[in-house]
Amino acid sequence: MIKIAPSILSADYANLQRDVELVEKGGADLLHIDVMDGHFVPNLSFGPGVVSALRPITKLPLECHLMIDAPEQYIKAFAQAGADRILVHVESTPHIYRALQMIKDAGLEAGVVINPGTPLELITNVLPIVDQVLVMTVNPGFGGQVFLKGMLKKVSRLDQLRQTNYNQDFKIEVDGGINDQTIAACAKAGADVFVAGSYVYDSDNPVARMNHLRDLAAD
Ligand code: DX5
Ligand code: ZN
């Protein structure tokens, strides 16, 4: 089952409620919320306050992509704010297993994220405990960057691992540069969940863009 996850990083912050309702009515499967601390990535974005403000205005699952140092310190705050799933970068903590366990213990779905420059081997030990793996297809920090084609191989190797190990039942997500030119190749490589920021929101018709992406991924 293909899932389309609009990233509100590219939404109109002065009209966030409008932009969330628009994609919810238009059939988005979940909402992707990019959390940046200015240390782990060279940009600043949203904190738990934005998540708790969105929680009462949408029924969409809220997925928080933590691009922050010491993510363990903020898991509780995002859980209390109403996150449904928390994604933590393997590069952001020496204790990725613990961070993922903390997310599960809070009753949420847990995902591990892997940067373009990080080899897959660094996450193989946590695959049995995650609900999702996010393969970054750009270097994290900004919307609107160019898709890194080399990441397709990482996605298909991950898909192979998933198929050959009975205890590994995670979803594969891609994030960065997903658009009408790149989504089909990602789907073919084995991705199930597709984050799209600028392609959806930098448009006069975000709903048409989401529908188009879904069609291309399903082909
Ligand atoms: C980048 C973020 C992405 C971003 C994607 O660091 O993790 O979620 O919103 O933006 P696009 O789809 O414009 O590449
Ligand atoms: Zn993201």
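Which of the 22 residues around ligand 1 come nearest? The structure on display is a predicted model, and this tour begins at its ligand.

**Stop 1: ligand 1.** Select ligand 1 together with Ser7, Pro140, Gly143, Gly197 and Ser198; of the 22 residues around the ligand, these come nearest. Next, colour the shell by residue class: 12 of its residues are polar, eight are nonpolar and two are charged. Then display the secondary structure. Strand S2, strand S8 (193-196) and helix H7 (198-201) each supply at least two residues of this shell.

**Stop 2: the annotated pair.** Select Asp34 and Asp175, which an unreviewed UniProt entry lists under "active site". These two residues span 142 residues in sequence, yet their C-alpha atoms are no more than 10.6 Å apart, so they gather at one spot.

**Stop 3: Asp34.** Centre the view on Asp34, which belongs to strand S2, residues 31-36. Asp34 counts as buried because 25 C-beta neighbours lie inside 10 Å. Now add its contacts, setting aside residues up to four places away in sequence: Asp34 touches Ser7, Leu9, Ser45, Phe46, His65 and Met67. Ser7 has already appeared at the first stop, among the residues that come nearest to ligand 1.

**Stop 4: Asp175.** Move to strand S7, which covers residues 171-175 and contains Asp175. Is Asp175 buried or exposed? Asp175 is buried, because 24 other C-beta atoms lie within 10 Å. To complete the tour, select Leu134, Met136, Thr137 and Val195, with which Asp175 is in contact when its neighbours within four places in sequence are left aside.

Conventions. Residues are numbered from 1 along each chain as its sequence is written. Chains are lettered from A and ligands numbered from 1 in the order in which they are written. This is a predicted model: local features need pLDDT of at least 70, side-chain atom pairs count only at pLDDT 80 or more; totals for chains, interfaces and linings use all residues. UniProt positions are given in the numbering used here, feature names are shortened, and annotations may be inferred rather than shown by experiment. Helices (H or I, at least four residues) and strands (E, at least two) are DSSP runs, numbered from the N terminus. A residue is buried if 20 or more other C-beta atoms lie within 10 Å of its own, exposed if 12 or fewer, and partly exposed in between; C-beta atoms are placed from the backbone. Two residues are in contact if their C-beta atoms, placed from the backbone, lie within 7 Å. A residue is near a molecule or strand if its C-beta atom, placed from the backbone, lies within 6 Å of it. Ala, Val, Leu, Ile, Met, Phe, Trp, Tyr, Cys and Pro count as nonpolar, Asp, Glu, Lys and Arg as charged, and the others, Gly among them, as polar.
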